[in-house]
Amino acid sequence: MNEAKSAIMERLRQALASEDAGDARRRAVDARLARHEPVLVPARARVEGEARIALFTEMAEAVQTEVQRLDSFAEIATATAHYLRRHNLPQKLVAAPDPLLDAAGWEKQPLLRVRRGNATPEDAVGMTLAFAGIAETGTLMLVSAPERPVMLAFLPENCIVVLPLSRLDGCYEESWARLRRHAPRPPRAVNLVTGPSRTADIANTLTLGAHGPRRLFALLVPDPEADGPEPAGDA
Amino acid sequence: MSGATPVGFRDRAREALADPTLREALLSIRRGWPRARARAIARLPEFDALRDRGRAIKDHVLAHLDLYLERFERAVTASGGSVHWARDAAEARRLVLEICKRAGARTVTKSKSMIAEEIDLNAWLEAHGIVPVETDLGEYIIQLAGQRPSHLVGPAVHMTREEITELFARHHGTPPSERAEELVAEARRVLRRRYLEADVGITGANFLIAETGSVITVTNEGNAELTHGLPRTQIVVASIEKIVPTMEEAFTLLRLLARSATGQEFSTYTTVVTGPRRAEDLDGPEAFHLVLLDNGRSGMLDGTLRSMLRCIRCGACLNHCPVYLAVGGHAYGSVYVGPMGAVLSPVLYGIEKARALPEASSFCGRCEEVCPVRIPLPALMRYWREEAWRRRLAPPAARWGMRLWRHLALRPGLYRVASGLVARVLGLLAGRRGALRRLPLAGGWTGSRDLPAPEGATFTSLYRKGVR
């Protein structure tokens, strides 16, 4: 359909021709695409340290995310077992094959059955690792990779996301810059998740769990080793 | 759905005004989204500054649209996807069907897309033996009901819970569920199967990123992610003006979008997809296709209507429009409704057919006040009114009435005499009550309230007498 493309392009160029002074438009486009600066970051997002964690927690809880802070990675399994009990769920989950989750302390919960891999429609609970967190709106940024399949956060009715605290940013732009440093091109999917799935399509009544998870549980955890490396990535 | 036409707006509006169920549904919009929006904006002091930035971003893109589209196509190709160009709806439909056929598709899942509505994709796919399944709950409901969306954000906002209960019981063959949660759970169960058996997933796009060739979808349900994540083939249908340069610009517009639409700080799921699955990925489609639609937009760049291409489809102008809130979306007879629809529909259907839509405005200006990218909607509606006048599309009575008024307005002496006469007659008719219960040609007003009558003298005559 190259014919269609040239026809559309021709119309666009005609409409915009009067605005072109030599090569100025092309230079403007090149400059804009190379400049990766935030346009305007709300003051609310410019917080550090404990205030940032507090803002993340407040915003996430306001949209029905359960948030729990842990002292170490090794506590993840126990916190998960408690969470499952609290919601009357079986002690069973599928977790991302990300090596960072090897240190979740699974051995402390022998009754918890853990499969590592992608979610299937039968899984009730999925666990994955956030690439970053965004305090501004209590948002978790999930980045697809072989060791972090996307469906873990969408197919099961319950989703648990582990967020290493060194990756909690103030605003979206900081997390996107983190991703740019990590990979020159974005991976297939970047999911910005703010609360569990919801709909108001039936008589304007807010209902959770429309297609994605009914519950979202965020575990805020200090990094496995201080100043740890950036998370293992996609290619 | 097929056969949408804005012709007949007046009749449909009259029917809508007499429909008590619809009034109830529209009232719930008035009570919901505008208040939530106001609260969200009160929490973000930078909101107005963001609107200025949002407008500037869109204006910059539109002034360089040809160049950004080229860069976008190159980036999509580099990520392993393909871009297909469509001049009009028919071309876009053919392209989508071709891709579906090559993928051997029997069923396709769809995540809410206004462009798919614009090109009337469902009817076309069905006619060619492919079953389209809408997955956004609102879209799913209206697909079952055989209707068109009545709102950009809440396609089934015109339906009551009782109507949905009845609809589900009929189509799912299950005992009627009455609570919203039960209805949602039922749809979730039914649609789960559909996701897993679909051969192709079709989504729209809220934004296209020129730098990376990425597509951004925004949902609250998570249906877009299941739609593009599960089938082997992904198709995105998007219009050419959805481009933004980089993610940084997208974030500015995203900060405006959810707040303007539903009053949320951020939608539940904002997803950026770039190309098909990577070699080692455990999920994602093997093929990624993007159909880019023009359908009259390139013609809007050159002139007054260009600012309409800034629209990010938040629906705030609908939620604040006294006309939309009185007649609902279906009266418009167009894919796009409310003030933004009154400006876009004449482009899509022709001003001859859509003339009544830009007429249906009280020009209160609320739409422009709430627009996140400051589109001068009343001015654009006025543009179409003038266009209709120039092309002599108004009925003779309206044209003669307007001529008569023009004749008087250009002659101040005559105007004073005529308006003085009308004021005195109305004043006499009203008598001591000072108000009229009935007035010929003004039944729409006097049907539910009295018309306050002039007190017998005009402003100019009082002014002359020195009454200040």
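The following conversation concerns chain B of a predicted model and its contact with chain A.

Colleague: What should I know before reading the model?

Modeller: It is a predicted model, in which local features need pLDDT of at least 70 and side-chain atom pairs count only at pLDDT 80 or more, while totals for chains, interfaces and linings use all residues. Residues are numbered from 1 along each chain as its sequence is written, and chains are lettered from A and ligands numbered from 1 in the order in which they are written.

Colleague: How many helices and strands does chain B have?

Modeller: Chain B has 25 helices and twelve strands; these are DSSP runs, numbered from the N terminus, of H or I over at least four residues for helices and of E over at least two for strands.

Colleague: What is its radius of gyration?

Modeller: For chain B the value is 25 Å, which agrees with the radius near 23 Å of a compact globule with 468 residues. The radius is taken over C-alpha atoms, and the globule rule is 2.2 Å times the number of residues to the power 0.38.

Colleague: Now the contact: how many residues does each chain give?

Modeller: Chain B gives 79 residues and chain A gives 65 residues, two residues being in contact if their C-beta atoms, placed from the backbone, lie within 7 Å.

Colleague: Which helix of chain B gives the most to that side?

Modeller: Helix H11 (residues 180-197) does, with eight residues.

Colleague: And which strands are joined between the chains?

Modeller: Strand E9 (residues 189-193) of chain A runs antiparallel to strand E9 (residues 269-273) of chain B, and five bridges join them; strands pair if DSSP finds at least two bridges between them. Val193(A) has Tyr269(B) as its bridge partner.
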